[in-house]
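Got your viewer open and a selection box ready? Load the model shown here, and let's walk through it one pick at a time.

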Amino acid sequence: MNRRLILMRHCKSSWDHPGLGDHTRPLNKRGTRDAAAVGERLAELGWTPDGVVSSDSARTRETWTGLESQWDTGLDPTFTRALYHADATDIIDVIARQDTKVQCLLVLGHNPGSE
């Protein structure tokens, strides 16, 4: 049985509102457009996830919305603070706790951990 892991950083965030905290910073127009484009490409590849775990930041939530708009999976992603600016070890720990029945897991986070 082959399983797939997709590690992804959120799309381009907006810096138009300098008073917003980092956690609440949204995507900019390009980021919103790119999220849908990435979702479309993943669908073309047949890499539609059946499990999603994401940082709980505004920009990762918006990235998920753009991705999912191309799939209509009805998935209920897990949003967790554990992936907010997580390092590689933290990300691996989150992945290890996911349901083993998931065949294609999308992990949506931030740099530098996603790098």
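**Stop one: a pair on helix 1**

Start by selecting arginine 30, which counts as partly exposed at 44% relative accessibility. Keep in mind as you go that this is a predicted model. Now add aspartate 34 to the selection: its side chain and that of arginine 30 meet in a salt bridge, at 3.6 Å from N to O. Aspartate 34 is partly exposed as well, with a relative accessible area of 28%. Why do these two sit about one helical turn apart? Because they are 4 residues apart in helix 1.

**Stop two: a salt-bridge network**

Next, select Asp22, Arg25 and Arg59, which are joined into one network by salt bridges that share partners. Take arginine 25 and aspartate 22 to begin with: they form a salt bridge whose closest N and O atoms are 2.1 Å apart. Arginine 25 counts as buried, at 9% relative accessibility, while aspartate 22 counts as partly exposed at 28%.

Then swing over to arginine 59, whose side chain meets that of aspartate 22 in a salt bridge at 3.1 Å, N to O. This pair links distant parts of the chain, with arginine 59 in helix 2 and aspartate 22 in the loop between strand 1 and helix 1, 37 residues apart. Is arginine 59 buried or exposed? It is buried, with a relative accessible area of 2%. If you want to hunt for the rest, the model has a count of 5 salt bridges.

**Stop three: helix 2 and what it packs on**

Stay with helix 2 and select its buried residues: Arg59, Thr60, Thr63, Trp64, Gly66, Leu67 and Glu68. What do they pack against? Show strand 1, helix 1, strand 2, strand 3 and strand 4, and you have the elements that these buried residues pack against.

**Stop four: strand 2 and its partners**

Now select strand 2, residues 51-55. This strand is mostly covered, with 5 of its 5 residues buried. Bring up strand 4 (104-109); strand 2 and strand 4 run parallel and are joined by 4 bridges. Then bring up strand 3, residues 78-80, which pairs with strand 2 in the parallel sense over 3 bridges.

Valine 53 is a handy marker here. Opposite valine 53 you'll find valine 107 in strand 4, and threonine 78 in strand 3 also stands opposite valine 53. Trace the chain from strand 2 through helix 2 to strand 3, and you follow a β-α-β crossover that is right-handed.

**Stop five: serine 57**

Just along the chain, pick serine 57, in the loop between strand 2 and helix 2 (58-68). Serine 57 is buried, with a relative accessible area of 0%. Which residues should you light up around it? Setting aside neighbours within four places in sequence, serine 57 is in contact with His23, Tyr84 and His110.

**Stop six: the nonpolar cores**

Time for the inside. In soluble globular proteins, nonpolar side chains tend to be buried together. For the largest nonpolar core here, which has 13 residues, select Ile6, Met8, Cys11, Trp64, Leu67, Trp71 and Leu106, the members that touch the most others. Strand 1 (4-9), helix 1 (29-45), helix 2 and strand 4 each supply at least two residues of this core. Which element gives the most? Strand 4 does, with 3 residues.

Apart from this core lies another one, of 8 residues, including Leu83, Ile91, Val94 and Val102. Give this second set its own colour.

Before leaving, zoom in on methionine 8. Beyond its neighbours within four places in sequence, methionine 8 is in contact with Val38, Thr63, Leu67, Leu106, Val107, Leu108, Gly109 and Ser114.

**Last stop: out to the surface**

Finish with glycine 46, in the loop between helix 1 and strand 2. Glycine 46 is exposed, with a relative accessible area of 58%. For a closing distance check, draw a line from the C-alpha of glycine 46 to the C-alpha of lysine 101: the two residues are 18 Å apart in space and 55 residues apart in sequence.

Notes
Residues numbered from 1 in each chain as written. Predicted model: local features only at pLDDT ≥ 70, side-chain atom pairs only at ≥ 80, totals over all residues. Heavy atoms only, no water. Buried < 20%, exposed > 50% of the residue type's maximum accessible area, 1.4 Å probe, protein only. Contact = heavy atoms within 4.5 Å. Core = buried A, V, L, I, M, F, W, Y, C linked by side-chain atoms within 4.5 Å. Salt bridge = Lys/Arg side-chain N within 4 Å of Asp/Glu carboxyl O. Pairing = 2+ DSSP bridges. Right-handed = clockwise from strand over helix to strand, strands pointing away.
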